[in-house]
Amino acid sequence: MSQKVFAPWDDPNEKPLIQFKGVTKRFGDFTAIDDLSLDIYAQEFFALLGPSGCGKTTMMRMLAGFENPTSGTILLSGQDIAPVPPNKRAVNMMFQSYALFPHLSVWDNIAFGLRRGNGSKQEISERVEEMLRLTRLEKFAKRKPHQISGGQRQRVALARSLAKAPKLLLLDEPLGALDAKLRQDTQFELMDIQEKTGTTFVIVTHDQEEAMTVASRVAVMDEGRLIQVATPSVIYEAPESVYVADFIGDVNIIEGSASQSGDKVEISWAEGEMPIRGTTAKTFAPGQPCHFAIRPEKVTITTERPDSANVLQGKVIDIAYLGNLSTYHVKLPNGTMMKAQTANTRRLANRGITWEDDVWLSFTDTAGVLLER
Amino acid sequence: MNLRRFILIGVPYLWLLALFLVPFLIVLKIALSDIALARPPYMPQLDLSAGWEGIRSFFAALDFENFAFLTTDDLYWKAYLSSLEIAVVSTVITLLVGYPMAYGMARAATEWRPTLLMLVILPFWTSFLIRVYAWMGILSGEGVLNQFLIWTGLISEPLTILNTNLAVYIGIVYTYLPFMILPIYAALEKMDDSLLEAAEDLGCSRTKAFWLVTIPLSKSGIIAGCFLVFIPAIGEFVIPSLLGGSGTLMIGKVLWEEFFSNRDWPVASAVAIILLLILIIPIILFQRNEQKQREAGG
């Protein structure tokens with residue numbers, strides 16, 4: 001292996017750029033952030049993901065300096081930032097509404113922050129040109145914000161917040177106002193720019209796909225707490241709780257009781273059904289209630305009974321055709337609905353399974369995850 | 001062009017034609033005629049029954065001597081200048097008083113804004129004339145203000161405020177304050193708070209952000225407010241005649257005296273025409289500003 005994997009969070013010698021230490025933030029009676037501790041490392045692309053009202057925006061506003069924690073400390077490069085006002089922090093923010101100054105041209109918007117520093121005219125102008133090149137906005141420098149498209153405005157906002165070369169860039173739902181196609185392109189652009197500039201990005205989003213695409217690590221939040229902080233693949237493949245499994249992507253959750261032998265577990269979940277066989281590194285007491293989570297794409301759907309660790313019979317109730325994929329909603333004899341997903345490698349006319357068909361669902365004993373809660 | 005559109009555009013034009021252009025032409029005609037002991041008190045009269053000959057003799061008798069007369073007596077240009085000065089100074093004071101009020105309203109909690117707006121509009125429920133009379137009661141020698149100041153011991157002799165230019169300024173600022181507050185409030189209220197946060201985030205102090213973001217973004221409101229105060233203030237008649245003294249020289253008062261005391265309609269009309277020309281310049285500037293705003297907004 002020649003290339004070193006970027007994973008400073010696994011290296012005990014690495015110093016985090018940002019540290020939340022037991023941070024609590026209350027607005028009146030409402031607790032927005034509840035005793036939260038978190039380390040974010042330099043050059044990370046860190047995503048805060050959660051439903052609206054989960055406190056992700058509050059965390060970002062505390063980093064920017066618009067809110068101060070009720071208790072606990074936030075350290076930036078080892079220094080408490082609570083007494084530093086927003087205009088003195090080496091942190092810049094890209095606002096959800098972009099907050100471009102409508103009375104200034106694109107050029108002047110980007111130069112706005114630089115002019116507050118003590119750079120010479122020459123330096124400012126060079127930096128602005130550099131930012132315009134980076135975001136491919138050279139042609140629009142003289143336009144006013146209302147004379148350019150939504151995607152271009154998004155890039156102006158990015159250029160403006162990057163112009164001062166902050167240690168940390170905060171992005172509040174940066175792609176929320178863009179349509180789906182443009183959002184995808186822009187996600188890759190963002191990653192590209194993050195890599196080029198080496199700036200640490202913290203992005204707030206409620207779009208799990210976006211978080212998975214761009215981030216080096218994702219923090220799933222709910223009601224002011226961190227539920228799980230991990231790389232996108234760990235969050236997806238090895239969620240620690242039903243909440244995370246359910247929040248990220250599509251999932252089938254089966255409740256049952258466990259009986260463990262070694263790392264193999266049998267989950268009895270319904271009368272007259274074979275127990276589900278799974279694998280886990282955790283220890284379950286005999287009869288302990290548990291949840292078995294399995295992603296639809298890991299469930300195979302066939303018309304003939306296959307030979308597999310887990311085989312379930314059912315009837316197709318619904319088919320969601322997504323073009324590249326099809327999701328089958330299958331009803332098991334006891335009424336449980338299971339989702340199975342297949343890639344449409346053949347054209348629709350040649351597809352073997354349709355509504356009301358009796359089908360077999362199967363998956364290996366390592367395909368799913370066992371969750372305690 | 002269909003009929004509906006024609007009517008929609010036609011009605012306001014007809015309105016302007018009937019109620020602005022026609023009266024203006026009548027006043028212009030009087031300004032070009034001569035004073036006479038007659039009813040109405042000017043010559044010549046247009047005698048349409050005499051036919052073409054009547055119209056020709058009518059136009060032959062018109063001249064600009066009333067306008068020439070305005071230049072011979074320095075009362076007139078002094079009155080114009082003094083009106084201009086009073087209007088400019090009171091517009092600036094109204095702006096200085098009105099801007100913080102509009103700013104406070106725009107930053108107040110959303111549920112308070114309708115109430116605050118109501119309070120600004122509330123004085124209009126009382127007749128303008130009664131409110132100006134009320135100021136006489138407040139500002140006079142034995143008025144409420146002097147009694148209060150003597151009672152607190154700040155002064156021993158009553159201040160002379162009524163019948164001075166100061167009283168005129170107070171009256172104009174008080175009367176036209178809502179016209180300043182409302183457009184500025186409208187501009188500030190639209191402003192996105194995240195713009196100020198963005199300015200702060202990019203290194204501005206709060207004060208700097210106010211000058212670099214809030215003021216430029218409320219510019220259209222400031223300009224609209226200033227014109228809405230300046231234009232009526234320059235021709236103001238009631239306030240200077242009730243609150244001002246003999247030393248208060250305003251063109252509105254001169255106009256009134258020419259019309260009603262001297263019964264010199266032609267000279268009065270000439271005064272009115274010049275006043276209108278002075279006002280048309282700021283009105284055109286105002287229109288241009290509105291136009292620019294609309295283009296920028298579109």
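**A guided reading of chain A and its contact with chain B**

In strand β18 of chain A, Gln341(A) is the residue that stands opposite Thr327(A). The structure in which this pair is found is a predicted model. The pair offers a convenient point of entry, for the two strands concerned can be followed outward into a sheet. Strand β17(A), residues 325-331, runs antiparallel to β18(A), and seven bridges join the two. Strands of a sheet pair through backbone hydrogen bonds, and the pairing may be parallel or antiparallel.

The sheet that holds β17(A) and β18(A) is open and has five strands, in the order β15-β19-β16-β17-β18 of chain A, with antiparallel pairing. Its edges are formed by β15(A), residues 300-302, and β18(A), residues 337-343, each of which pairs on one side only. From one strand to the next, the twist averages 45 degrees.

Strand β19(A) deserves separate attention. To one side, three bridges join β19(A) to β15(A), and the two strands run antiparallel. Here Thr302(A) has Trp360(A) of β19(A) as its bridge partner. Strand β16(A), residues 310-321, is also antiparallel to β19(A) and is joined to it by six bridges. In that pairing, Asn310(A) has Phe363(A) of β19(A) as its bridge partner. The residues of β19(A), which spans 358-363, are divided between two faces: Val359(A), Leu361(A) and Phe363(A) form the covered face, while Asp358(A), Trp360(A) and Ser362(A) form the uncovered one. Thus Trp360(A), the partner of Thr302(A), belongs to the uncovered face, whereas Phe363(A), the partner of Asn310(A), belongs to the covered face.

Another open sheet of five strands has the order β13-β12-β11-β14-β20 in chain A, again with antiparallel pairing. The edge strands of this sheet are β13(A), residues 276-279, and β20(A), residues 369-371, each pairing on one side only. The twist in this sheet averages 45 degrees from one strand to the next. At the β20(A) edge, β14(A), residues 289-294, pairs with β20(A) in the antiparallel sense over three bridges. Within that pairing, Val369(A) of β20(A) is the bridge partner of Ala293(A).

The helices may be approached through α3(A), which comprises the 14 residues 121-134. At 1.5 Å a residue, a helix of this length should span 20 Å, and the end C-alpha atoms of α3(A) are indeed 20 Å apart, so the two values agree. Which residues of α3(A) are buried? They are Arg127(A), Val128(A), Met131(A) and Leu132(A). Viewed down the axis of α3(A), the buried residues fall within an arc of 140 degrees, and therefore they line one face of the helix. The general geometry of an α-helix is helpful here: with 3.6 residues a turn, residues three or four places apart point the same way. On the other side of α3(A), Gln122(A), Glu123(A) and Arg133(A) are exposed. The elements that cover the buried residues of α3(A) include α2(A), residues 106-116, and α4(A), residues 150-162. After α3(A) comes Arg136(A), whose phi is positive, near 55 degrees.

A single residue can illustrate how distant parts of the sequence meet. Ala47(A) lies in strand β3(A), which covers residues 45-49. Is Ala47(A) buried or exposed? It is buried, because 28 other C-beta atoms lie within 10 Å, and a count of 20 or more is what being buried requires. Apart from neighbours within four places in sequence, Ala47(A) is in contact with Ile203(A), Thr205(A), Ala211(A), Val214(A), Ala215(A), Val218(A) and Ala219(A). Met212(A) is 165 residues away from Ala47(A) in sequence, yet their C-alpha atoms are 8.4 Å apart in space.

These details can now be placed within the chain as a whole. Chain A has eight helices and 20 strands, and its C-alpha trace spans about 80 × 50 × 50 Å along its principal axes. Of its 373 residues, 37% are buried. Among contacts between residues at least 6 apart in sequence, 65% join residues at least 24 apart.

Finally, chain A meets chain B. The contact takes 16 residues from chain A and 14 residues from chain B. On the side of chain A that touches chain B, β6(A), residues 91-94, and α2(A) each supply at least two residues. The largest share, three residues, comes from α2(A), a helix that also helps to cover the buried residues of α3(A). By class, this side of chain A has nine nonpolar, six polar and one charged residues.

Notes:
Residues are numbered from 1 along each chain as its sequence is written. Chains are lettered from A and ligands numbered from 1 in the order in which they are written. This is a predicted model: local features need pLDDT of at least 70, side-chain atom pairs count only at pLDDT 80 or more; totals for chains, interfaces and linings use all residues. Helices (H or I, at least four residues) and strands (E, at least two) are DSSP runs, numbered from the N terminus. A residue is buried if 20 or more other C-beta atoms lie within 10 Å of its own, exposed if 12 or fewer, and partly exposed in between; C-beta atoms are placed from the backbone. Two residues are in contact if their C-beta atoms, placed from the backbone, lie within 7 Å. Two strands pair if DSSP finds at least two bridges between them. Axes are lines fitted to C-alpha atoms, for helices over the stretch in contact, and angles run from 0 to 180 degrees between N-to-C directions. The expected span of a helix is 1.5 Å times one less than its number of residues. The arc is that of the directions from the helix axis to the C-beta atoms. Ala, Val, Leu, Ile, Met, Phe, Trp, Tyr, Cys and Pro count as nonpolar, Asp, Glu, Lys and Arg as charged, and the others, Gly among them, as polar.
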